Amino acid sequence: MNFDIFCEKLTDSGLCKVGFSFIGDLLPERLRAYPYAVTLMFRMSDAVLDDMDDSPTYAYFHHYRTANALLDSCAVRAGEMLRREGARYFPIAASQSVHDQPDEYTGIFQHKTAAVRAGLGWIGRSGLFVSTEHGPRVRLATVLTDMELPLPEKLAENGCANCRKCAHACPAGAITGELYVPGAERSTVVDAEKCSKFMKARYMHIGRGSVCGRCMVVCPYGKRNSI
């Protein structure tokens with residue numbers, strides 16, 4: 001497969017970046033037949049994000065939902081291109097929450113894990129994936145496959161430094177302010193349950209309490225890379 005053409009077709013579909021990684025050692029048993037991952041990244045609208053003040057807006061919720069739909073569509077397209085080359089694929093939805101997992105606030109596989117291994121960014125103090133190019137102002141989807149993919153030469157360094165703006169801005173008080181250490185539990189940086197319960201208590205009138213976005217909006221790395 002010509003991977004340059006593969007990436008070009010996907011970016012032509014609306015994505016801002018495509019990355020490749022090996023994640024076979026991190027997958028649950030039932031998915032280990034697909035040890036490689038294609039990361040799909042969509043750049044959120046700065047106009048929509050910058051329009052938010054202390055709470056999410058209807059425009060943000062609809063943009064968030066539409067971005068997820070685009071990513072899911074691109075995941076199927078990526079998978080079909082892999083299938084035509086004789087590979088098998090397993091798409092992971094952009095927005096997923098699997099309630100039969102020990103942690104009901106997680107999915108069957110974390111997109112940011114593959115994105116980090118693809119060298120596209122790091123996990124910030126907020127627990128969000130932070131792109132080296134776009135900060136946290138992105139949405140992700142993943143396609144697992146049994147096709148061997150080209151791997152990055154190096155991973156991105158954590159760029160959060162001493163910044164704790166996301167922790168100070170979190171209305172739920174769910175962000176600990178600690179720097180994420182690769183391999184650590186998510187709870188070391190963010191309390192997902194506290195975040196979810198706050199959104200449902202405060203923002204049920206917007207997407208039934210499924211979005212907030214405050215930590216993403218205040219991130220200086222995202223603002224520095226906004227266009």
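The expected span of a helix is 1.5 Å times one less than its number of residues. Helices (H or I, at least four residues) and strands (E, at least two) are DSSP runs, numbered from the N terminus.

Before you start: this is a predicted model, in which local features need pLDDT of at least 70 and side-chain atom pairs count only at pLDDT 80 or more, while totals for chains, interfaces and linings use all residues. Residues are numbered from 1 along each chain as its sequence is written, and side-chain values use heavy atoms, with hydrogens and water left out.

**Exercise 1. A helix and its span**

Task: Find how far α3 reaches from its first C-alpha to its last, and set this beside the expected value.

Solution:
- Begin with the count: α3 has 27 residues.
- Next, take the span, which is 40 Å and close to the 39 Å expected at 1.5 Å a residue.
- Finally, look just past the end of α3, where G86 takes a positive phi of about 95°.

**Exercise 2. The nonpolar core**

Task: Work out which element supplies the largest share of the largest nonpolar core.

Solution:
- First, the terms. A nonpolar core is a set of buried Ala, Val, Leu, Ile, Met, Phe, Trp, Tyr and Cys residues joined through side-chain atoms within 4.5 Å. Buried means under 20% relative accessible area, exposed over 50%, and partly exposed in between (1.4 Å probe, protein chains only).
- The largest core has 35 residues, and F6, L10, V18, V38, L40 and Y60 are those with the most contacts inside it.
- Elements that each supply at least two of its residues include α1 (3-12), β1 (17-22), β2 (36-43) and α3 (58-84).
- The largest share, 10 residues, comes from α3.
- Now zoom in on L40: leaving aside neighbours within four places in sequence, its contacts (heavy atoms within 4.5 Å) include L10, V18, L71 and V143.
- Apart from this core lies another, of 15 residues, among them I175, Y180, V189 and M199.

**Exercise 3. Salt bridges**

Task: Describe where the partners of the R117 and D25 salt bridge lie in the chain.

Solution:
- A salt bridge is a side-chain nitrogen of Lys or Arg within 4 Å of a carboxyl oxygen of Asp or Glu. The whole structure has 10 of them.
- The side chains of R117 and D25 meet at 2.7 Å, N to O.
- R117 belongs to helix α4 (residues 111-117) and D25 to the loop between β1 and β2, 92 residues apart, so the pair links distant parts of the chain.
- R117 is partly exposed at 28% relative accessible area, and D25 is partly exposed at 47%.
- For another setting, try R84 and E80, which meet at 3.3 Å. Both lie in helix α3, four residues apart, about one turn of the helix.
- R84 is exposed at 66%, whereas E80 is partly exposed at 23%.
- R43, D46, D50 and R137 are linked in a network of salt bridges.

**Exercise 4. Aromatic pairs**

Task: Classify the pair formed by F3 and F20 as stacked, tilted or edge-to-face.

Solution:
- Rings of Phe, Tyr and Trp (its six-membered ring) pair if their centres lie within 6.5 Å; planes under 30 degrees apart count as stacked, over 60 as edge-to-face and the rest as tilted.
- The structure holds eight such pairs. F3 and F20 are 5.4 Å apart, centre to centre, with 70° between the planes, so the pair is edge-to-face.
- F3 lies in helix α1 and F20 in strand β1, so the pair ties together parts 17 residues apart in sequence.
- Both F3 and F20 are buried, and together with F6 they form one aromatic cluster.
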